[in-house]
Amino acid sequence: MNQRPLSPHLGVYKFTYTMSLSILHRITGIAASVGFFLFAWWLMALASGPGAYASAMRLLSTPLAKLLLVGFTFSFVYHFCNGIRHLVWDTGHGLERAQARRSGAVVIVAALLITALVVWLGCAALTAPGAP
Amino acid sequence: MSLQTPLGKVLGKGSAGEGVGHWWMQRVTAIALIPLTVWFAIGLLGRSLQSYEAVRGWLGQPWVAVFTILLIITLSWHSRLGIQVVIEDYVHGKAAKNTLLLLFTFVHIAAAAAAIFAVLMLALS
């Protein structure tokens, strides 16, 4: 083995809450990718006609599917909000420790509020009368 | 004196041989996704989703179809770039890594093709 110094492993750093936000960005990104495949499947069901769409919506209305949809919604919204935080960082702003902690808190609160709003609107859209 | 070869200078790629293309397209698609996803969510949540006619009637409109297709392309591209980074970070065997990268590239293209085809069917039939 060579004896040159290695890049320090993640474990040597003291854990801070901004790290968990960073990890959550990656996890929610993966979940949002799964959501994209679900979206493609839903569009194909819609294109296949009223019968296929009705069965797809029946499947999406089961309790487990609803729970997953709430999870996908939170994943997408969090990734969206934290993604904007990353884009701001790319301009060189907000990188101080105190600023990054504050913007992290803003992202968490915003993600929870927007998720609640989307879930509420989604429930209304799902239970709205069937006529166009 | 630069140690870069003339070809290296022209291509503008660093020692990893990839340049900033991945990083840049991740940002470009991210910025495009901000208005596209907000617009789509507002539009979709304004319909009664159990009604095939209502959802189809909305998605089939020309401009809605066009921007939904743009959303599909951008979303699949951004997703593909993100999944690529995850695979490159956690899968270390060369064969396994390249197999997974190839697989997820194909899967993303297939899903995007299906989704675009579905929107075109709704808009054109």
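The legends below describe close-up views of a predicted model with chains A and B. Residues are numbered from 1 along each chain as its sequence is written, and chains are lettered from A in the order in which they are written. Because the model is predicted, local features need pLDDT of at least 70 and side-chain atom pairs count only at pLDDT 80 or more, while totals for chains, interfaces and linings use all residues; side-chain values use heavy atoms, with hydrogens and water left out.

**View 1. Chain A is built from four helices and has zero strands.**
Helices and strands are DSSP runs numbered from the N terminus, a helix being H or I over at least four residues and a strand being E over at least two, and along the sequence chain A reads α-α-α-α. The radius of gyration of chain A is 20 Å, whereas a compact globule of 132 residues would have a value near 14 Å; this radius is taken over C-alpha atoms, and the globule rule is 2.2 Å times the number of residues to the power 0.38. Taken along the principal axes, the C-alpha atoms of chain A fill a box of roughly 65 × 40 × 30 Å. Of the 132 residues of chain A, 29% are buried, where buried means under 20% relative accessible area, exposed means over 50%, and partly exposed lies in between (1.4 Å probe, protein chains only).

**View 2. Chain B is built from five helices and has zero strands.**
Along the sequence chain B follows the pattern α-α-α-α-α, and its C-alpha trace spans about 65 × 35 × 25 Å along the principal axes. For chain B the radius of gyration is 19 Å, against a value near 14 Å for a compact globule of 125 residues. Buried residues make up 38% of the 125 residues of chain B. Of the contacts in chain B with a separation of 6 or more, 65% are between residues 24 or more positions apart, a contact meaning heavy atoms within 4.5 Å.

**View 3. Chain A and chain B meet through 33 residues of chain A and 43 residues of chain B.**
The area buried between chain A and chain B is about 3000 Å², and carbon and sulfur atoms give 77% of it; buried area is the accessible area (1.4 Å probe) that two parts lose on being put together, summed over both. In chain A, the residues that lose the most area to chain B are Arg26(A), Phe36(A) and Leu46(A), which together account for 20% of what that side buries.

**View 4. Polar pairs and helices line the chain A side of the interface with chain B.**
Across this interface the rule finds two salt bridges, a salt bridge being a side-chain nitrogen of Lys or Arg within 4 Å of a carboxyl oxygen of Asp or Glu. Arg26(A) forms a salt bridge with Asp89(B), and their closest N and O atoms are 2.8 Å apart. The rule also finds seven residue pairs in polar contact across the interface, both residues being at pLDDT 80 or more. At least two residues of the side of chain A that touches chain B come from each of helix H1 (17-47), helix H2 (50-60), helix H3 (63-90) and helix H4 (97-127) of chain A. H1(A) gives the largest share of that side, with twelve residues.

**View 5. Ser79(B), in helix H4 of chain B, joins Ser33(A) across the interface.**
Ser79(B) counts as buried because its relative accessibility is 8%. The side chains of Ser79(B) and Ser33(A) are joined by a polar contact of 2.7 Å; a polar contact is a pair of N or O atoms within 3.5 Å, and within protein one must be able to donate a hydrogen and the other to accept it, while residues adjacent in sequence count only if both atoms are side-chain atoms. Leaving aside residues up to four places away in sequence, Ser79(B) touches Ser33(A) and His108(B).

**View 6. Helix H3 of chain B (residues 52-59) holds the buried residues Tyr52(B), Ala54(B), Val55(B), Trp58(B) and Leu59(B).**
The buried residues of H3(B) pack against H1 and H2 of chain A, together with helix H2 (21-45), helix H4 (62-90) and helix H5 (94-124) of chain B.

**View 7. Thr62(A) sits in the loop between H2 and H3 of chain A.**
Thr62(A) counts as partly exposed because its relative accessibility is 31%. A polar atom of the side chain of Thr62(A) lies 3.0 Å from the backbone oxygen of Leu59(A). Thr62(A) and Ala52(A) are ten residues apart along the chain, and their C-alpha atoms are separated by 16 Å.
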